[in-house]
Every structure is written in structure tokens, then in C-alpha cells.
4 protein chains.
Amino acid sequence: MRIGVLTGGGDCPGLNAVIRAVTKSLLRQAGAQVLGIEDGFAGLMAPSPRVRELHWDAVSGILMQGGTILGTSNKANPLATPEATAQTLANAQRLGLDALVVIGGDGSMAIAHGLSRHGLPIVGVPKTIDNDIVGCERSFGFDTAVATVTEALERIQTTGQSHSRVMIVETMGRYAGWIALEAGIAGAADVILLPEIDYDIEAVARVCRERERRERYTVICVGEGAKPIGGALTVERRLADSPDPIRLGGVAHALREQLQPLLHSEVRATVLGHVQRGGSPTPFDRVLATQFGNQAAQLVMAGRHDRMVTLQQGQLGCIALADVAHQHRSVPLDHPLLQTARQIGVALGEP
Amino acid sequence: MRIGVLTGGGDCPGLNAVIRAVTKSLLRQAGAQVLGIEDGFAGLMAPSPRVRELHWDAVSGILMQGGTILGTSNKANPLATPEATAQTLANAQRLGLDALVVIGGDGSMAIAHGLSRHGLPIVGVPKTIDNDIVGCERSFGFDTAVATVTEALERIQTTGQSHSRVMIVETMGRYAGWIALEAGIAGAADVILLPEIDYDIEAVARVCRERERRERYTVICVGEGAKPIGGALTVERRLADSPDPIRLGGVAHALREQLQPLLHSEVRATVLGHVQRGGSPTPFDRVLATQFGNQAAQLVMAGRHDRMVTLQQGQLGCIALADVAHQHRSVPLDHPLLQTARQIGVALGEP
Amino acid sequence: MRIGVLTGGGDCPGLNAVIRAVTKSLLRQAGAQVLGIEDGFAGLMAPSPRVRELHWDAVSGILMQGGTILGTSNKANPLATPEATAQTLANAQRLGLDALVVIGGDGSMAIAHGLSRHGLPIVGVPKTIDNDIVGCERSFGFDTAVATVTEALERIQTTGQSHSRVMIVETMGRYAGWIALEAGIAGAADVILLPEIDYDIEAVARVCRERERRERYTVICVGEGAKPIGGALTVERRLADSPDPIRLGGVAHALREQLQPLLHSEVRATVLGHVQRGGSPTPFDRVLATQFGNQAAQLVMAGRHDRMVTLQQGQLGCIALADVAHQHRSVPLDHPLLQTARQIGVALGEP
Amino acid sequence: MRIGVLTGGGDCPGLNAVIRAVTKSLLRQAGAQVLGIEDGFAGLMAPSPRVRELHWDAVSGILMQGGTILGTSNKANPLATPEATAQTLANAQRLGLDALVVIGGDGSMAIAHGLSRHGLPIVGVPKTIDNDIVGCERSFGFDTAVATVTEALERIQTTGQSHSRVMIVETMGRYAGWIALEAGIAGAADVILLPEIDYDIEAVARVCRERERRERYTVICVGEGAKPIGGALTVERRLADSPDPIRLGGVAHALREQLQPLLHSEVRATVLGHVQRGGSPTPFDRVLATQFGNQAAQLVMAGRHDRMVTLQQGQLGCIALADVAHQHRSVPLDHPLLQTARQIGVALGEP
């Protein structure tokens, strides 16, 4: 039995923990040969595919490491052209792969599903710091990203307090507000703005002014995809035109421009950027990623292909790749955490 | 509406986050008056009860703080004598309490249930770093304790590696192995010993020797309640005789004595002790404790007393106090995480 | 004996540790009354000055806290007009201040010196995360800022590695490169660009290209005041026009624009911003700030005014405020750490 | 030019940073061949010495790692017998070593000096978390150990506060009190007990009782070598009889036995143990270790042997190995930090 493993898409803490668990389980339980494919799908599509065998020792000591020992790529797409697809399938055959484990985001899952339909047996493992993959209520990397943002909010709190300022912190999360929501609560933000709830700038200003009156600073945690009621061209342009989610002219700076004229306090904006993607995974994410990796190995050994590992209601399971590809999981408007935020007095920018 | 809040039993990261959320929700939603009772049940039993009003500002800025701003007590028991019970109930009446929120462990929940039966409306919030309260699949404080132990394991790893030693680390957890299990996996322990699985010393030694042969050090993570097959008088005496769970002669040192004669490598033991109880809660625990506190406030406002907040299958809910009191939640022998550990090659001391 | 204490200028980890040590030493040794002045010089200039007495308990538990319990202001200047000066001096007299301890940067020291010449006895304590105050070889807050930047660099490393990118991280430091230099070394940056050494863009690109050839990613740590040979209008405009050092169009983004056309790899930029100013001080900074605070108290009690606490060659001492005001301490071009960086192969952007 | 490098004695954060800097500087500046010797002097004494060549890539990415990639040994002594010495010198010759860099503590420096006198050119690099090597005012690893202990004290603070307890924390440091002193100050200990100042148990109890009266908990930070006036057999036996500094019956537990009968509050003791030795070095230690390693390379290239790298008054330099061997650097009784501690109200156990 010979199994390939690759990591696709953006960096995410816990990738190595998945690689380690997949490998160790396949080696111990099935005596399989595990091939690590380098640089994501790019390594599998290349005229001579880039692979290395993963022995037991090759995955020892990587549990705590951020990044991926296999490398990744954002853009490689084996489905882009018929030639690319053919090359990829031919490579898989030449390598003698009985199955492939793809650790990636919704884009990678779409590719995985496409390759599955061409006959390559694939098991997917959901990977997103944004926590926005369908079928997975908590993905590894998310807890680490939340921890990084929370720590930044704590640091920002002291500056806000010392100077009686309004401090805006922009987080990652794309079209979903999970990171901003959880980190905002954990970091004691006074206002949390999410892509799911278009914000009323006057409502935001009202909170700041009321706090000014009580001689208090204000911390605003805003997800990168958030926008004011009426829409924000700047932000949409940014997400469409650029491969780089950390851009000038993001929502934090736009919000600052909107807010400053309405307030006495100085308003400052910080865009956290790539630090949210990297670093050693939290213990929570290490355990979760280890479980995901082991679960993927079990699915491979059981021959349950064209599926992605899931976590639902606290239970590991799996879901058809077709149901996952190219979809997002936003924060539902009736999510208990939104309700909790409102009830303890966190403003969500609602009119 | 006047509501009392108290924290009972041992220190636990997240207590202040619960106090803050209970208070903010009751103030905002019900315009209630919230009384913080000091030093746990001791403050409520005292001839003149020790209370202070909790205004909005009194609970601002405490989210991140470890410990409890209200203080706690380990031993005070209003049910110990009829006089104590009468005094406690009279105090509650004198203070005009419409309900009481008790944040505590299984012992506190037993007291809460007893007082409920005497007519004092009580809502409980489960509190345990050990994650061992019935009805609650993940309690606040646990993630922080796991993070503390994991960090210690990481530090110990480097020493084990540099010196080719066998390093034993003893964690808290009482009769349940949750901390040792999750931290052991997150900290890449080679062997994890739990109270739920009596260990075979020869099986443990075999793992160490096999690693010696491959020139590798070994890290053993052992829960304080673990014991060898055949039983361990030392450990049982320790848990029964002493108010202090961090004692000389604990399982780490006993295990070291057993193991050293069987190995070439030096064996070293570390007992982590009270550091596992304290410190600022992780972001995960802050969010969870905030949800628990808010949920307790909702139960109070809905008049749903004699109940404890729960988390089951990822959903907040509640359970009758009678079903919780004086019980423990051990790691079930068919728990998926045990299976995961075995499948990736972690030894559990099984023969 | 009645002594005032104020904190001026930007936030800096360790301010509370200084306030605590000044207060505790004056209370214990001199039985002095200590008055905390709120919001920096603004609180002392106000028609009715904003003060609160600092008792022992008021400064207990603040050692670990970031920010300043007294608040600060960036812009208040008692020397701005003769009226402001007169008001300030009258307030000091009305409050019965025998001396004033000013914890601040070079701007605050200039004000302190000016007020001293008007007869108000002042002792200064140097405060700068940038480590750029004359007479002080290591100021509190710097170690914390370096630790924050280093952690960010570590997180960025994993993303750079996973994607084979060139990652640029912009640090604070104003006209001095201390933060970029120490954090760059501690965070294993491949290239470190400082305000003291104008960089040759071609030399920077050469390092990146050579690393591309060896299939390695590159991390560039750049101080906010750095500029290319020939000068950078963007950067200078930014520092001159804006009160906010975290601006669009900073050096990181400018460098990215320069570098991207010269390379195959993607180039990404992150501006760390205000997170560098806040948060709990490192143990090193707590000890240093405690020593500075105590030293200030000793100078006050010895009647040695118009002086600033210093650290030189590892020894605490003092220096005349006149020698400090309005000056900066850049990284000397013969500093051993620059030499160390070069010798271990870190590029400094030199042609 | 062929240079050997080895690490001797106990684990210490920053060892890898030294190895990296020594290697990179020798490779870049001298085109030297660098041989890493495994397991300390044990690897050099072995009939067939254990070595591996250190190329540039072999030391890339190790800056942040705790431990030593070369391994170490505590007991190997090439001077133990004439045969061992002869074997060691013969091995060095066989390997063609032009010089040897020894990174180790006072014991290793004594061996290094002895081998130097037999004609093997050696440069020493001081290594001790205890900060007690003569000629070196701040050694790498110390800042990390202080940070680890400080974090533990912070965690312990919250438990002490919640329960109104007396909490004792025992630190490493052997015969010197540096770790206990700096961490005690940074962690806001109320009492700090050092090997250099025999403590008066009644004075310690008095502090605790006075704090009890003010309803405050007490944190005591005690160095492992501390002892009461009159001497402590337990402790001395421990240090003499055992290779393991983390022992039952250490000073923390002895102090607890002494203190409990004198107080109302519960007294709890925690022995931090091996966690103080391990883990990733702080940024401060990474910079310091990098400088030490580079300095060692410069001494090797300059042919300045039989010397150890030093840091004195903030300057890198060197000292004859003969002046270092088998000595300790205690905290001088007139050290400014002791004075600072007393002046801000920290008790040192003095009568």
C-alpha cells in the first residue's frame, strides 16, 4: 500500500501535526509506504513529480512546528487544463499511489473532488485558519489564529487605555467572521465587526462617544471582510484584485477614515497580517490536527474515498467532497456566540 | 432582582470571565443588582456575610485575570451542620437574594443541590481544570491547564533529548486522566499513563528500552491518579490523607523508583504542581467561560433553578444538580482520543 | 515630603513597574506622600490638576500590567506658552510638590529640563521602546518590544518557508535601528535594514535571488526609519506629516514595490504596528524598570534634581537632563552587534 | 583549518544558538571545516570519537531550538585517568583538530583548561542557567530560566490570592541566588530567600503574619541552595548525594514544614524542577548566545586559546580558563539588586 500526502493552499498551524499523524498511523497500522508530495499540487503536476518518502523519523519532532515540511502552493491547479489533469493522473499512477491525502482549504477540496472523479482515490483533510469550511465546526489552525489575535488585542488594550484612544484591529477571516468574533470576545473588544453583519458607522461611533464620556478607551476588532451598510468598494476591490489579503486600503484604515471625524479621541488602526497564519500550533490545535490526521488514515485504510474528514457536534466523521467544494461556512446570524456577545454588552455595529 | 455570585473550591483559570459575564448579562438584560459573595461558601455562612456589590466597572478588565476576584474556600460546607445550614439560608434571606450562582466543582454542586432543596434558588456553573464534571464535555480552565502542561513537556523534551534521559512529568487531574491525555498528545509524550488504565511497569520499561536502542530519549506524561497494575498504596494514601494534591511520594517519584533499575538511561521526575491551576486563561477558556457565565444568567432570568450549565456535543444546555453532585467523569475506555493515541504509536502502559 | 509622578509620551511596557518602585521606595524609606498625576503633563497643566494619591495598595499588583495606570499624553507641553508654564508651576506649588518624577522619552526630558530651570525639582526616568535615549544603554520596554517582534518573525518564518516567499516585516524604532537589529538577529532574519545604513536595493535583491537558487525563502526585518541609498520621499513624508507612526506607504510596502520586479518569489509585507508598544513587560524589563524606579526615588531623596536615571556599562547612574533633551542614540556603525550580524552572514543591505 | 565544537554539562537554552554562530562565523570568515562532537566530552573520549561535520545547512533553523543538537554528557571527564586523557588527545589529533570550542559550565572549563595544558588549543564559552560563572556577568540561558520561573510565579500568584495562602516556589541556581533574585523581583514575590543570605524563619513568618492581618496572601521564592540560619542538613545531603537537583526533601518542603506551624494560612510548596533548563531561548538569550558563539570563533581565528569568552560591564571579552575553572560567582552582598529589593519592601529573610 502506497499513499501520497500533500498540503495545499495557505500556511496553517497544525499542518505538520496532520502529516505526522497520517504517516504514523499508516506506517503502524497498515505497514504502508507514505510519500510526501512537495509544494502541494504543484509537486504532483510537475513533469517529474517532487516526492520524498516519509519514514517514522522524518515525522518525529514536527508536531510543534508551524508551517508544512512538505511546502505548499497557492495557485497550482491540476484541473486547469486537460493536459495538466492528464499529467497529474499519470504521475499518480507512475508513483504507484493507492490513494492520496489532500490537506487543504475549500479550493483544494474542489480539486480533490475533481481528481476523485477522474479515478484517483482521495481523502481530504479540512485546513483553514478562518474556520469556514463546510462540514467542520472547528478546524485546526483556528484556535492558534484566535490566540495570536487575542494576544495582539491584549497588547493594544494597554495602549488604548494609556492614551484614551480608539484602537482598530483588523483580523483575517475572508468572508467569515469567526476569527474576529472569538478573538474579539477573548480579547475584550468593545465592538466586533463581521462580514456577516454590515455595520452602521453611526452605531459604532455612538459606542465610542458613550465610552469617551465615561473616560474609557475603545477597542474595535474587525474582520477583513466586514463592510459598512451600503457597501465598501475599497474592500471588495481588494479581495478581488489581489492575491495578497494584507493590503493597503483594507477595512481597518477605511473604518478609521470614517470614524475619526465623528470622535474626539484619536483613532488608530493596526492590520495584523501574516502573523495570524504562522507559528507553532496551540495544544488544542495539535490535538485536533492529530485526530484529523489519524482519521484520514482510517478512511484511507477503509477505502472510503472522495470524502473529507469532519468534526460535527464534537464527533469526528466524514462528508462527501462534493458537498464541500467551493463553499464557505459563515457565522450564522443566530449563532449562540453572537447572542452571548450582545448580552454581555459587546456592540456588533447593528443600527 | 438581586442575585448572588460565589466561587467555590480550587483556583481555576476563567473564574473571573464567568463572574464578568454573569454580572454583565444580569445588569444589562434584567437591571438586576449583583452581589459578589467573598471566599466561597465561607462568605455566605459567616455570621455577618461578606459581600460586595458588583457594578459594571467592578468586572471590567478582569476577563484576562487568573484566580477569582471574589476569593474562594476549599472547606466551608453549609451542609455540615443544621446550624450552618440555617445560618446560610438566613443570610441569603437577609441579603434579599432572589437566586444564587455557584461556580464550583462537584463538591460545590453537591452543596448547591442541598441548599436548593432547602428552598434557595441556585444555578450552578461547572468549574474544574480536571475536566471531570458529569454533563460537561469541556470545562473552562481545562484548556489552560493542558497548555501549561504542554509547555512544560516541550521544555522537558529538550532536556531529555540533550541528555538521552527518561523524563517523567506528573500532571494534575485527580481520578481522571484528561489533562495527562490531551497534554501528553500535544506535548508529544511517548508514554501516557492515566488513572483509567492501570499501567504495566514492564510494558513501560519496554518502550524506554526500545527507544534507548534507537538512541532516543523518552518522555512519560503521567496523571497524578495513575497507578500500576496491582495497586499503589503510596498514591492512595496521598490522595486520602492530605489536603494538598502535590505531595512527596506521588506517582512520578514512585514510577521513577520502579523504572530506574530496569533501564540504562537516567530517569528524572518532575511534579508540575500548582502552576497548573493558575494564570491567565487561554482565549479558548475565556470564550467558554464567557458563554457559561452568560448561560447561567439566562437560566437565572428564566427561573430555571437547581440546574447546572452544561456543554454537550458542542451545545450549551443545563442539567439537574442532582445528576451532577459527587460524581466524576473519567476518560471512557472507548474514547476516540485513546484510540488515536494508540494508533499513532503512543504507549498507554497496557500489557 | 510630597512627590509627584507622571508618565509622558507613548505607551511602553514597564511604566507601571517604575511607578510601583518609585512609590514603594518613597513610602518605605522617606514616609513620603506620593501623588500620581494623570494623563502626563496634561494632568499637571490643567486648570485643576488631575492627581490621585498613590498608597501602597494602589501600586500592588501592577508590576505585570502593560500601559500606565496614570494615563499619558503625547502632545501636552507646559513649555508651549508662558501661560502654560506659569499654570504648571502654580499647580505644582499648589499641590505642594517637593519634587516631580517624570517618566518619559526625549521630548518629556526636554520639558522636564525646562521646568527644572524654572525651579521645579525634577528627576527623569528614560522611557522608550526604541532604546534610543542618550545615556541609557538599555531602556525598559525595549526587551519586550524585541520579544514581540521576534515572535512575529518566528510566525512569519513558517509562512515564508511553506510558500518559498520573501517576507518583509517592518518594526518600530523611529530614527534608530535597535529593535530591527536585535529582533532581526533573534528572529533569524536573513536581511536586516536599519535607518543607520541606507540600503542598496540591488544588494538586497541579490541575497534573495541567491537564496531562491538554493530553494530557500527570505525574511527581511526592516526598521521603520530605514531608507534606500538616494533617499525615500515616501518615508520621510510619513514621519513628518503624521502623528501616527503606523502608516500606509511605510518602508515595508515601498521596499516590496522595489523588490518584487527583481525576483521570482512572491514578496509580502507586514507592518507590526502598535502591538509593539503594549502588553505585559518581560521579566527582564520588570527588573530593569524596578531598578530605574528605585533609582529615581534615591535621587529624589538625595536632592539630586535636574537629572535622569541612566544605565551605562551595566551600572545605574544619572546624567544631567540638559545632556539628554531632544537627542537620539542611533546604532553606532562600529557596534559589535552589527559586526556579529555580518560575521554570521546576515546581510545589512550594504552594497 | 579544522575546528571541533562540543557542549558539556546540563541542558541550557541557547546552546544551539552558540553552535550556529560559531559554525557560521568559522565557515564564512575562515572557510574552516567545523566538526560537531557528539555527547560532550564523552564523544571525544570514546575509542572511536563520535563526530559529524557541521555544514551551513546543518545549523540553519536551530537558533530557536532548546537543547543541543550535539547532545551532551554530565559525567564524562577526559582528565579522570591518564588513559582517558591520552585517548582524548589522540582522538583530537586523529581528527586533525586545530582547535576545540567547549561550551560548558565551570566543570567543563576546568577540563578545558586541563586539556589546554596538554597542548590542545581550546576556547571556552560559558554556559549556565544559574548565571554563576566567574568573569561573565550575564550568561545565556539565564534570562530564559528567569522567564520560566517568573511565569510560574505569576500562575502561583493567582492561586495564592484566590485561597489566601502562603505559596513557596523553589527555583534552581545551585549555590547562587541569581535566578531566585531576578525571578522573585519580576514575579512580585514578597519574600526571596537566597543561598547567600541564611534566612531567619521567624523573620519569614513575621512577614506572612503581617500580610495575613492585612488579608493578603504571600509568595515566597526560594533558591534551591538556601538554608536557615544554623544550617540545613536535609539540603546539604541532597546536594551532595544526588546527581539530581530536583529531589524530595528540598528546601521548599523543609521551609513549608518550618512555616506551617507558625501561621494560620495554608502553606503550599512547588518545586519547579527541570522545566527551568529547557525550552526555546528568549530573544535576549538568542542574541547573547549568538554574540558568544561569534566571539569564540574570533578567538579561535586569532589563535587566542586557553581562554573563555566573557561579558563584563556590557562588553564582550575573554579571560584565562585558569581563572574560571571550578569557581562560582555568588550574588555579592552589596549587589544593587539586593538593595533595590529591600528598598521596595521585598523581605530577604534577614533577622
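**Figure 1. Salt bridges and polar contacts across the interface of chain C and chain D in the predicted model.** Four salt bridges are found across the interface of chain C and chain D in this predicted model. One of them joins the side chains of D:Glu154 and C:Arg286, with an N to O distance of 2.7 Å. The interface of these two chains also holds 13 residue pairs in polar contact, both residues of each pair being at pLDDT 80 or more. On the side of chain C that touches chain D, at least two residues each come from α1 (15–30), α5 (142–163), α6 (178–186), α10 (283–301) and α11 (336–343). The largest share of that side is supplied by α10(C), with eight residues.

**Figure 2. Extent of the contact between chain C and chain D.** Each partner is represented in the contact by a set of residues: 40 residues from chain C and 40 residues from chain D. The size of an interface is often expressed as the accessible area lost when the parts come together. For chain C and chain D, about 3400 Å² is buried between them, and 58% of this area is on carbon and sulfur atoms. In chain C, the residues that lose the most area to chain D are C:Val287, C:Gln343 and C:Ile344, which together account for 18% of what that side buries.

**Figure 3. Rotation axis relating chain C and chain D.** A turn of 180° with a shift of 0.0 Å along the axis lays chain C on chain D with an RMSD of 0.0 Å. The two copies are therefore related as by a two-fold rotation axis. Both copies use the same surface, since 100% of the contact residues of chain C recur in chain D. Among the residues of chain C, C:Gln313 comes closest to the rotation axis, its C-alpha lying at 2.3 Å.

**Figure 4. Rotation axis relating chain A and chain B.** Chain A is superposed on chain B by a rotation of 180° with 0.0 Å of shift along its axis, giving an RMSD of 0.0 Å. The same surface serves both copies, and 100% of the contact residues of chain A recur in chain B. Of the residues of chain A, A:Gln313 comes closest to the rotation axis, at 2.3 Å for its C-alpha. This residue, A:Gln313, lies in the loop between β10 (307–312) and β11 (315–320) of chain A. A:Gln313 has a positive phi of about 50° although it is not a glycine. Its relative accessibility is 42%, so A:Gln313 counts as partly exposed.

**Figure 5. Chain pairs without contact.** Chain A and chain D do not touch, and their nearest C-alpha atoms are 11 Å apart. Chain B and chain C are likewise joined by no contact; the closest C-alpha atoms of this pair lie 11 Å apart.

**Figure 6. Annotated binding site of chain A.** According to the unreviewed UniProt entry, the annotation "binding site" covers A:Gly10, A:Lys75, A:Ala76, A:Gly105, A:Asp106, A:Gly107 and A:Ser108. These residues are spread over 99 residues of sequence, yet they cluster in space, with a largest C-alpha distance of 14.1 Å.

**Figure 7. Surroundings of A:Gly10.** Among the positions that the UniProt record annotates as "binding site" is A:Gly10. A:Gly10 lies in the loop between β1 (2–7) and α1 (15–30) of chain A. With a relative accessible area of 14%, which is under 20%, A:Gly10 is buried. Apart from its neighbours within four places in sequence, A:Gly10 is in contact with A:Leu15, A:Asn74, A:Lys127 and A:Arg277 of chain A, and with C:His163 of chain C.

**Figure 8. Surroundings of A:Asp106 and A:Arg174.** A second position covered by the UniProt annotation "binding site" is A:Asp106, which lies in helix α4 (residues 106–117) of chain A. A:Asp106 is buried, its relative accessible area being 11%. Leaving aside neighbours within four places in sequence, A:Asp106 is in contact with A:Ile133, A:Arg174, A:Ala325, A:His326, A:Gln327 and A:His328. One of these contact residues, A:Arg174, lies in the loop between β6 (166–171) and α6 (178–186) of chain A. A:Arg174 has a positive phi of about 50° although it is not a glycine. Whereas A:Asp106 is buried, A:Arg174 is partly exposed, with a relative accessible area of 29%.

Notes: Residues are numbered from 1 along each chain as its sequence is written. Chains are lettered from A and ligands numbered from 1 in the order in which they are written. This is a predicted model: local features need pLDDT of at least 70, side-chain atom pairs count only at pLDDT 80 or more; totals for chains, interfaces and linings use all residues. Side-chain values use heavy atoms; hydrogens and water are left out. Helices (H or I, at least four residues) and strands (E, at least two) are DSSP runs, numbered from the N terminus. Buried means under 20% relative accessible area, exposed over 50%, partly exposed in between (1.4 Å probe, protein chains only). Copies are superposed by least squares on the C-alpha atoms of residues with pLDDT of at least 70 in both. Contact means heavy atoms within 4.5 Å. UniProt positions are given in the numbering used here, feature names are shortened, and annotations may be inferred rather than shown by experiment. Buried area is the accessible area (1.4 Å probe) that two parts lose on being put together, summed over both. A polar contact is a pair of N or O atoms within 3.5 Å; within protein, one must be able to donate a hydrogen and the other to accept it, and residues adjacent in sequence count only if both atoms are side-chain atoms.
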